[in-house]
Amino acid sequence: MTPEAIAALPYRPNVGVMMIDGRGLIFAAQRLDSAVPAWQMPQGGIDADEDPRAAALRELREETGVPPALVQVLAETPDWLTYDLPHEIVPRIWKGRYRGQKQKWFLLRYLGRDEQIDLAQDHPEFSEWRWIAADEMIAAIVPFKRAIYQQVVAAFRPYLA
C-alpha cells in the first residue's frame, strides 16, 4: 500500500483501559503474540452500536477475567486519541482497512485481589502481567504507541503513583 492510500484509510474505533491498583500502579501485560517484550494495557475494538464504556468493561473482562464488579470507573479521556500503525503493518492487520486506531481511554481502580486476575481466557492475549509505574509503562509500550500512552498518562496523572 502506498503512503497516500494508507493516509486515506479511517481509524478503527477502539477503547483502552488503564487499570490501577490502590497504590496508583498500572496493570501491564505482555502480549502473547510477541517474541520480544511488548507490554501494554488492555484495549480492544468497539462492537457495532456498543457504548465505549461498556466496550472497555467487556474488553477488560475478556482479556483479564476481571468483571465490572471488581473495578471502579474513575475517569475517561475527554477526547478520542489516535495513533497510526507503521506503514509496513497496515496491510497485515484488520485486513488493511484501517490506518490505525482512535481510542477512548478509561481509568479504572481495581478493587479485587491479584489472584483474581486471570489471563487464561477463551482467546488469551497476554502471557504474564505486573503492576508498574507510569514511566515504566511508557517505556515498555511498542514505539508506535508511545505518544498515545504519554497522552493517557498525562490525562490520568493525578491518580497515578
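**The largest pocket and the salt bridges**

The residues that line the largest pocket of this predicted model divide into 13 charged, 12 nonpolar and 9 polar. The lining is made up of 34 residues, and those that lie nearest the centre of the pocket are Arg31, Asp33, Gln40, Gln43 and Glu125. The space in this pocket comes to about 740 Å³. Several elements of secondary structure contribute to its lining, since strand E1 (11-20), strand E3 (39-40), strand E4 (43-45) and helix H2 (52-64) each supply at least two residues. Helix H2 gives the most, with 5 residues in the lining.

From the pocket we turn to the pairing of charged side chains. Side chains of opposite charge can pair when their charged atoms come close. In this model the count comes to 11 salt bridges, and three of them are followed here in turn.

One of these joins Asp21 to Arg23, where the closest N and O atoms are 2.5 Å apart. The two partners differ in their surroundings: Asp21 has a relative accessibility of 7% and therefore counts as buried, whereas Arg23, with a relative accessible area of 56%, is exposed.

Another salt bridge is formed by Asp47 and Arg58, with 3.6 Å between the closest N and O atoms. Because Asp47 lies in the loop between E4 and H2 while Arg58 belongs to helix H2, the pair ties together parts that are 11 residues apart in sequence. Asp47 is partly exposed, its relative accessible area being 44%, and Arg58 is buried at 19%, a value that falls under the 20% limit for buried residues.

A further salt bridge is the one in which the side chains of Glu76 and Lys104 meet, at 3.5 Å from N to O. Glu76 lies in strand E5 (residues 71-76) and Lys104 in strand E7 (residues 100-110), so this pair ties together parts that are 28 residues apart in sequence. Here the acidic partner, Glu76, is partly exposed, with a relative accessible area of 40%, while Lys104 is buried, with a relative accessible area of 8%.

Some of the salt bridges share partners, and through them Asp47, Glu50, Arg58, Glu59 and Glu62 are joined into one network. The pair of Asp47 and Arg58 described above thus has both of its residues in this network. Helix H2, in which Arg58 lies, is also the element that gives the most residues to the lining of the largest pocket.

Terms used: Residues are numbered from 1 along each chain as its sequence is written. This is a predicted model: local features need pLDDT of at least 70, side-chain atom pairs count only at pLDDT 80 or more; totals for chains, interfaces and linings use all residues. Side-chain values use heavy atoms; hydrogens and water are left out. On a 1 Å grid over the protein atoms alone, a cavity is a set of points where a 1.4 Å probe fits but cannot get out, and a pocket is an open set with protein on both sides within 12 Å along at least five of seven lines; lining residues have an atom within 4 Å of a point. Grid points are joined across faces, edges and corners, and a volume is the space filled by probe spheres set on the points. Helices (H or I, at least four residues) and strands (E, at least two) are DSSP runs, numbered from the N terminus. Ala, Val, Leu, Ile, Met, Phe, Trp, Tyr, Cys and Pro count as nonpolar, Asp, Glu, Lys and Arg as charged, and the others, Gly among them, as polar. A salt bridge is a side-chain nitrogen of Lys or Arg within 4 Å of a carboxyl oxygen of Asp or Glu. Buried means under 20% relative accessible area, exposed over 50%, partly exposed in between (1.4 Å probe, protein chains only).
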